[in-house]
Amino acid sequence: MLRLTDIVSRFKYLPVVLVGAATLMGIEQGAQSQQADDALRALYQRPDAVPYPEDNPYSDAKAHLGKLLFFDPRLSGENNLSCASCHNPSFSWEDGQKTSVGVPMTRLGRHTPTVLNLAWGELFFWDGRAESLEEQALGPIASSVEMAQDLDQLVGKLQAIDGYSDLFEKAFPGTGITLENVGAAIATYERTIVSATAPFDRWIAGDESAISDAAKRGFALFNGKANCVACHEGWNFTDWGFHDIGLPDDQDLGRYEQLDIASLKHAFKTPGLRNIVERAPYMHDGSIRTLEAVVQHYNHGFVQRETVSESIFALGLTDDEVADLVAFLHTLSSDDPAVTYPKLPN
Ligand code: HEC
Ligand code: HEC
């Protein structure tokens, strides 16, 4: 006979399977829904600790240095743009713009994604072109449309700032200021950027009053009729995979440009949904301005083309159900501690 634990590992189709299996097992109605409920909630437990890679373990000195670098505009060619200019903590590490403006005052082709909860990430950028945060960090510094800093000159530039020599020496004894260490420090700081406990987490932990009835109905829809869980799974609400969800943008081919696999045309990385309210506008092109409009996109607003994921289909959600889903998404916002702007070394 099927055991509940076997079924729980079948993550994706869990809600459907659970209900079916519980019926099979002949569990009486009340206990059945309680058990299904508990199993579903178990899938959304927050992890206990942040994972750090073996080749770049955490240290306070590295995280501290990484924060300084993240907020330091001197990492850009014109000394006027830091990582935080676009990944701004006030907008949960985005910038509130459709697409951001880089150093040469040019608009970028894609919307700025958050750097929240990336310690758990697998591939980075909307199209997955970077394999680690360490590798990713040097990209925007050198990019001619983002920070436009000649990497050959960056080490010299940092060496000329007295305070940095000490800080690098503490964080990386023996190697000091190198490009690799710049990437390693920034990546370490980024891994400390984790969303705090949200009303949703308090509800998952058993506080029934933490979220509204509308939000609870929304969560059921998320895992059921609305099928969001097919891609937005687990506590951070992402499978870290790439999908074409049928946005009208047909210029940007996303993951296909990296892998040249036809079925990946228009596929972009599934973003996590933590603090999603603070992160408008939405999508790789910043084309959707509100959460209502996002849900209506999935409900019936997507374009038809060969590459659209089979998990995208007309949902037939009523206006009330759309409102419930949006109410649920609001419960993912946490009161993250205020981020203080660091005093930069001179
Ligand atoms: C001018 C705005 C801008 C600046 C400055 C900037 N970024 Fe970004 N960042 C972006 C955009 C836009 C993307 C998405 C680009 C893409 O996917 O092609 C991005 C993507 C990322 C990602 C990938 C996120 C994910 O979910 O895969 C990380 C991490 C990141 N940036 C970190 C940094 C760091 C570190 C710096 C400073 C060294 C920085 N960014 C500077 C705009 C910016
Ligand atoms: C087939 C997989 C898939 C399904 C199903 C799915 N999503 Fe998404 N979602 C994605 C991907 C991929 C993106 C980014 C698409 C892009 O920018 O091109 C995204 C983007 C979003 C965004 C914007 C996030 C941001 O940071 O800009 C929200 C909000 C969202 N989805 C909510 C939902 C909800 C609610 C549902 C259910 C009604 C749902 N998704 C169903 C894959 C999916």
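# Two ligands, three domains: worked exercises

In this predicted model, a polar side-chain atom of H232 sits 2.8 Å from a nitrogen atom of ligand 2. Let's start there and work outwards.

## Exercise 1: the shell around ligand 2

Task: work out which residues come nearest to ligand 2, then sort its shell by element and by residue class.

Solution.
- Step 1. Ligand 2 has 25 residues around it, and C228, C231, H232, H284 and Y298 come nearest.
- Step 2. Go through the polar atoms. Y298 puts a polar side-chain atom 2.6 Å from a nitrogen atom of the ligand. With H284, a polar backbone atom is the partner, 2.6 Å from an oxygen atom of ligand 2. Polar contacts are N or O pairs within 3.5 Å, so keep that cut-off in mind when you check these distances.
- Step 3. Two elements give two or more residues to this shell: β2 (268-269) and α13 (291-301). The top contributor is α13, with 3 residues.
- Step 4. Sort by class, and you get 16 nonpolar, 7 polar and 2 charged residues.

## Exercise 2: the shell around ligand 1

Task: find which side chains put an N or O atom at 2.9 Å, 3.2 Å and 2.7 Å from ligand 1, and say where the shell comes from.

Solution.
- Step 1. Ligand 1 is surrounded by 29 residues, with C83, C86, H87, F125 and K269 as the closest.
- Step 2. Take the oxygen atoms of the ligand. One oxygen atom lies 2.7 Å from an N or O atom in the side chain of K269, and for R129 the corresponding oxygen distance is 2.9 Å.
- Step 3. Now take nitrogen: a nitrogen atom of ligand 1 is 3.2 Å from a side-chain N or O atom of Q136.
- Step 4. Three helices, α5 (83-86), α6 (133-142) and α9 (179-191), each supply at least two residues of the shell. Of these, α6 provides the largest share, 5 residues.
- Step 5. The class split is 17 nonpolar, 7 polar and 5 charged.

## Exercise 3: where domain 1 meets domain 3

Task: describe the contact between domain 1 and domain 3, from residue counts to buried area and charged pairs.

Solution.
- Step 1. Get the bounds straight: the assignment has domain 1 at 1-43, domain 2 at 60-191 and domain 3 at 197-330. In the contact, domain 1 takes part with 6 residues and domain 3 with 11 residues.
- Step 2. Between them the two domains bury about 740 Å², and 59% of that is on carbon and sulfur atoms.
- Step 3. Count the polar links: there are 2 residue pairs in polar contact, both at pLDDT 80 or more, and 1 salt bridge. The side of domain 1 that touches domain 3 has 4 nonpolar residues, no polar ones and 2 charged.
- Step 4. Look at R41 and E208, whose side chains meet in a salt bridge with an N to O distance of 2.7 Å.
- Step 5. The overall tally is 15 salt bridges. R41 belongs to helix α3 (residues 29-42), while E208 is in the loop between α10 (199-204) and α11 (213-223), so this pair ties together parts 167 residues apart in sequence.

## Exercise 4: backbone oddities

Task: which residues are joined by a cis peptide bond, and where is N227 found?

Solution.
- Step 1. Recall the background: most residues other than glycine have a negative phi, and most peptide bonds are trans.
- Step 2. A280 and P281 are joined by a cis peptide bond, with omega at about -10 degrees. P281 falls in the loop between β2 and α13, and those are the two elements that give two or more residues to the shell around ligand 2.
- Step 3. N227 isn't a glycine, yet its phi is positive, about 60 degrees. You'll find N227 in the loop between α11 and β1 (242-243).
- Step 4. F237, also not a glycine, has a positive phi near 60 degrees. F237 is placed in the loop between α11 and β1.

Definitions and conventions: Residues are numbered from 1 along each chain as its sequence is written. Chains are lettered from A and ligands numbered from 1 in the order in which they are written. This is a predicted model: local features need pLDDT of at least 70, side-chain atom pairs count only at pLDDT 80 or more; totals for chains, interfaces and linings use all residues. Side-chain values use heavy atoms; hydrogens and water are left out. A residue is near a molecule or strand if one of its heavy atoms lies within 4 Å of it. A polar contact is a pair of N or O atoms within 3.5 Å; within protein, one must be able to donate a hydrogen and the other to accept it, and residues adjacent in sequence count only if both atoms are side-chain atoms. Helices (H or I, at least four residues) and strands (E, at least two) are DSSP runs, numbered from the N terminus. Ala, Val, Leu, Ile, Met, Phe, Trp, Tyr, Cys and Pro count as nonpolar, Asp, Glu, Lys and Arg as charged, and the others, Gly among them, as polar. Domain bounds come from an automatic or database domain assignment. Contact means heavy atoms within 4.5 Å. Buried area is the accessible area (1.4 Å probe) that two parts lose on being put together, summed over both. A salt bridge is a side-chain nitrogen of Lys or Arg within 4 Å of a carboxyl oxygen of Asp or Glu.
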